[in-house]
Amino acid sequence: VAGRFPEAVAEARRAVELDPLSPAINFVLGVWLYFVRQYDEAIEQIRKTIELDPGIVRPHELLSLVYADAGIYDLAKAECQVVGSLPGGKSVSRPLLGYVLAKAGKLDEARKILEELKPALGEDLLSTWRSVYLCAALNEFDLAFEWIDKLYAQRFGLLTLIKGYPALDNLRSDPRYAELLRRIGLPE
């Protein structure tokens, strides 16, 4: 994909046409729609994914992020609760809830969650990645880039998609962001 998200949307749409019942393909289209900030369509697509297989954590997590970035905080928080109730969702729900709270302006509650998460960060790469969203939403750029550097050192694959995540948009103004893109090998 290499940052060519509109093209990825077009390809994912074709894939959904070919296999409309695949939860994985429907999910990928939802991701790309989120990355191009087409929130209404992303919400619709992710809901379709969840209808196909409601027990998977990732679509519920993505739906919560999209709701939060679209300013629909009540639904974002409700999806966090769903995430926490699913197998394997407990570790996902805390940083996700912190992100939602930060986006909703409940900064003290979000910071409290961040403090809870700090001791375990670095142990689980996905939890660390999700906590970067929370740091970004709280404008904790030093901590966000500290954890991003740890993820980079571990060759964490999702960093190659960093340009797409709306949850990380406010990191773009920091000079370390451009440096990170250079290190990863992504165009600015």
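Reading from the N terminus, the elements of this protein run α-α-α-α-α-α-α-α-α-α. That makes 10 helices and 0 strands. Keep in mind as you look around that this is a predicted model. The mean pLDDT is 94, and 98% of the residues reach 70 or more. Confidence is highest in helix α3 (residues 39-52), at a mean of 98, and lowest in helix α8 (residues 125-137), at 93.

**The overall shape**

Let us begin with the whole molecule. Along its principal axes, the C-alpha atoms fill a box of roughly 45 × 35 × 30 Å. A compact globule of 188 residues would have a radius of gyration near 16 Å, and the protein agrees with this because its own value is 16 Å. Of the 188 residues, 48% count as buried. The accessible surface comes to about 9,200 Å², and carbon and sulfur atoms account for 54% of that surface.

How do distant parts of the chain meet? Among contacts between residues at least 6 apart in sequence, 57% join residues at least 24 apart.

**One helix with two faces**

Now find helix α10 (residues 175-184), whose buried residues are Y177, L180 and L181. Seen down the axis of α10, these buried residues fall within an arc of 100 degrees, so they line one face of the helix. A general rule helps here: an α-helix has 3.6 residues a turn, so residues three or four places apart point the same way.

What do the buried residues of α10 pack against? Their partner is α9 (141-153). On the face turned away from the buried side, α10 carries the exposed residues P175 and R182. Just after the helix comes G185, with a positive phi near 95 degrees.

**Two buried residues and their contacts**

Two residues in other helices are worth a visit. A12 lies in helix α1 (residues 5-18). A12 has a relative accessible area of 5%, so it counts as buried. Leaving aside neighbours within four places in sequence, A12 is in contact with I25, V28, L29 and W32. By contrast in the choice of partner, take E116: 104 residues separate A12 and E116 along the chain, and their C-alpha atoms are 37 Å apart.

W129 lies in helix α8. At 1% relative accessibility, W129 is buried too. Which residues does W129 touch, leaving aside neighbours within four places in sequence? The contacts are L151, F156, L158, L159, I162, Y165 and L168. The C-alpha atoms of W129 and E146 are separated by 11 Å, with their positions 17 residues apart along the chain.

For a residue with some access to the outside, turn to E44 in helix α3. E44 has a relative accessible area of 48%, so it counts as partly exposed. From E44 to P20 the distance is 14 Å, C-alpha to C-alpha, and the two are 24 residues apart in sequence.

Here are some of the accessibility values side by side.

| Residue | Relative accessible area | Class |
|---|---|---|
| A12 | 5% | buried |
| C80 | 4% | buried |
| C135 | 0% | buried |
| W129 | 1% | buried |
| R37 | 31% | partly exposed |
| E44 | 48% | partly exposed |

**Cysteines without a bond**

How many disulfides does the structure hold? There are 0 disulfides. C80 is in no disulfide, and the nearest cysteine sulfur, that of C135, is 16 Å away. Why is there no bond for C135? The closest cysteine sulfur, in C80, is 16 Å from the sulfur of C135, and that is too far for a bond. A disulfide would need the two sulfur atoms within 2.5 Å. C80 is buried, with a relative accessible area of 4%, and C135 is buried at 0%.

**Backbone angles in the loops**

Finally, look at the backbone. Most residues other than glycine have a negative phi. R37 has a positive phi near 65 degrees, although it is not a glycine. Its place is in the loop between α2 (23-35) and α3, and R37 is partly exposed at 31% relative accessibility.

N139 is another residue other than glycine with a positive phi, near 60 degrees. N139 lies in the loop between α8 and α9.

Technical notes:
Residues numbered from 1 in each chain as written. Predicted model: local features only at pLDDT ≥ 70, side-chain atom pairs only at ≥ 80, totals over all residues. Heavy atoms only, no water. Helix = DSSP H or I, 4+ residues; strand = E, 2+ residues; numbered from the N terminus. Buried < 20%, exposed > 50% of the residue type's maximum accessible area, 1.4 Å probe, protein only. Contact = heavy atoms within 4.5 Å. pLDDT = per-residue confidence, 0-100. Arc of directions from axis to C-beta. Rg over C-alpha atoms; globule rule 2.2 N^0.38 Å. Areas by Shrake-Rupley, 256 points an atom, 1.4 Å probe, with all protein chains shown as cover.
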